[in-house]
Amino acid sequence: MNKISHETMRESSVLRWSALILVALTMFFAYMFVDVLSPLQTLLEQQKGWTPEVYGTFASSEYFLNVFVFFLFFAGIILDKMGIRFTGLLSCIIMLIGAGIKLYAISDWFGADNALYDLLNSFAVSFPPAAKLASVGFAIFGCGIEMAGITVSKTIVKWFTGKEMALAMGLEMAIARLGVAVVFWISPYFANLGTPDVVRPVAVCCLLLCIGFLTFFVYTLMDKKLDSQDSTLSKELDEEPEEGFKMSDLGKLLTNKVYIITALLCVLYYAAIFPFQKFATSMLENRLGLSTTDASQLFSWFPIGAMILTPLLGWFLDKKGKGATMLIFGSILVFVCHMTFAIYPFVEGDSNSLLVAYSAIIVLGVSFSLVPAALWPSIPHLVDKTYLGSAYSIVFLIQNFGLWLFPIIIGVVLDKSNPAEVLIANNGVYNYTPAMLVFASCGIFACILGLWLKAEDKKHGYGLEEPNVKS
Ligand SMILES: C[C@H](N)C(=O)N[C@@H](CCCCN)C(=O)O
């Protein structure tokens, strides 16, 4: 009788973790690109005339096609039908196209006497043509990065199920957070290398995206080998091939109460994070009277904190569980941070004020470790793995709606709460309190959903509070 070998590449920890590092690097460079302009809001306003409202609309454009053209919905189906290699490479190409358009839009090559410029200048004139085209590019890029995000999640489940899955997801997110921290340092640096210019950092991040494409390409070679090992093993064990995704699975997802609660928690929680990230540098400049570089560096402790803690909390979840509890605590902490920035009487140049600001940013970093470390590994507990890609994509879709809406809301709140005459009276310093109260309210609602999720888990035993690693 033939001896059946149960060993595949995923049983080798070196290969498993190498696969993770390769896909995580793709996300590292992608996350750098997402936030390359975030520390430069003030420079964009001074150089390009992008008001907070224009900037907010531009920031939200990243999610526009995902939400309104349902791109993420199709991305999930493509992922479940076409697999990880095809979807991952496609997502990288889409990111590169979108990034290229955004770079062109803000460059000097795109200016008056260009037919496209004139066309974009012929309507909604308060929204500069460069911002319009940059938004188009960012929206295309957004399709790519979100598609890459669900692909990477499915990749991790593929290699780490029954192993260190939460740790792996935590590490992947930690590497992405490092990308954000790095860009909050290098973006103002490149922008101020010589005459201040927003184009330089964007060009650098476009080049880095190409490296991300290459690392994913190398990963596809490993993925192909693993698939062939898996199919040989299934034949040897005489297993039925897995059924693929069916349209009826969507109905199952959308009527799965606990999955929907998780998706709503996700949208509210992330609405208080990523949109805040777009305004944080400017908020710190205005609330504490800091320079762009100092504000940006202060804020970078948020992704750094999240980067350190997310893998540790992922490890904790693998070993001890308590996922639903982590979601609740994370939501409370996001509320605490945003309330601090909303109501604390910060004084320019005061060391106590700086201490409070640093503490609030660290608290936000802790929160942003607790929730992502627990949220993403909880999805495989709630749905069947044949439509896991779609399950991730629908959560992303709902979340993207919030990520699209909130920068616009915050931009409008900022403009309305700072009318021109008040702004002049305040020497151009923006009042951020109403905007921060909007962010804080998201934390409260997310916390309520976390409590509901925990109660449902207790009633039906989804295993959200259980460890992932089965000993
Ligand atoms: C914005 C994006 N849709 C998102 O939710 N990103 C998550 C990570 C999702 C899991 C990736 N494997 C984040 O916390 O950055």
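Helices (H or I, at least four residues) and strands (E, at least two) are DSSP runs, numbered from the N terminus. The model used here is predicted: local features need pLDDT of at least 70, side-chain atom pairs count only at pLDDT 80 or more, and totals for chains, interfaces and linings use all residues. Residues are numbered from 1 along each chain as its sequence is written.

**Exercise 1. The whole chain**

Find how many helices and strands the chain has, and check its radius of gyration against that of a compact globule.

Step 1. Count the elements: there are 20 helices and zero strands.

Step 2. Apply the globule rule, 2.2 Å times the number of residues to the power 0.38, with the radius taken over C-alpha atoms. For 471 residues the rule gives a value near 23 Å, and the chain has 22 Å, so the two agree.

Step 3. Look at the box: along the principal axes, the C-alpha atoms fill roughly 85 × 50 × 40 Å.

Step 4. Look inside. A residue is buried if 20 or more other C-beta atoms lie within 10 Å of its own, exposed if 12 or fewer, and partly exposed in between, with C-beta atoms placed from the backbone. Buried residues make up 53% of the 471.

**Exercise 2. Helix α1**

Compare the span of helix α1 (residues 13-34) with the expected one.

Step 1. The expected span is 1.5 Å times one less than the number of residues. With 22 residues, α1 should span 32 Å.

Step 2. The end C-alpha atoms of α1 are 31 Å apart, which agrees.

Step 3. Now its surroundings: α1 is mostly covered, with 16 of its 22 residues buried.

**Exercise 3. Around the ligand**

Describe the residues that surround the ligand.

Step 1. A residue counts as near if its C-beta atom, placed from the backbone, lies within 6 Å of the molecule. There are 13 such residues, and the closest are Val152, Ser153, Pro372, Trp376 and Phe396.

Step 2. Helices α8 (129-160), α9 (165-191), α17 (351-382) and α18 (388-417) each give two or more residues to this shell.

**Exercise 4. Two unusual residues**

Locate phenylalanine 70 and asparagine 427, and decide whether each is buried or exposed.

Step 1. Recall that most residues other than glycine have a negative phi. Phenylalanine 70 has a positive phi of about 55 degrees, and asparagine 427 has one of about 55 degrees too.

Step 2. Phenylalanine 70 sits in the loop between α4 (64-68) and α5 (71-82). Phenylalanine 70 is partly exposed because 13 other C-beta atoms lie within 10 Å.

Step 3. Asparagine 427 sits in the loop between α19 (420-425) and α20 (433-460). With 6 other C-beta atoms within 10 Å, asparagine 427 is exposed.
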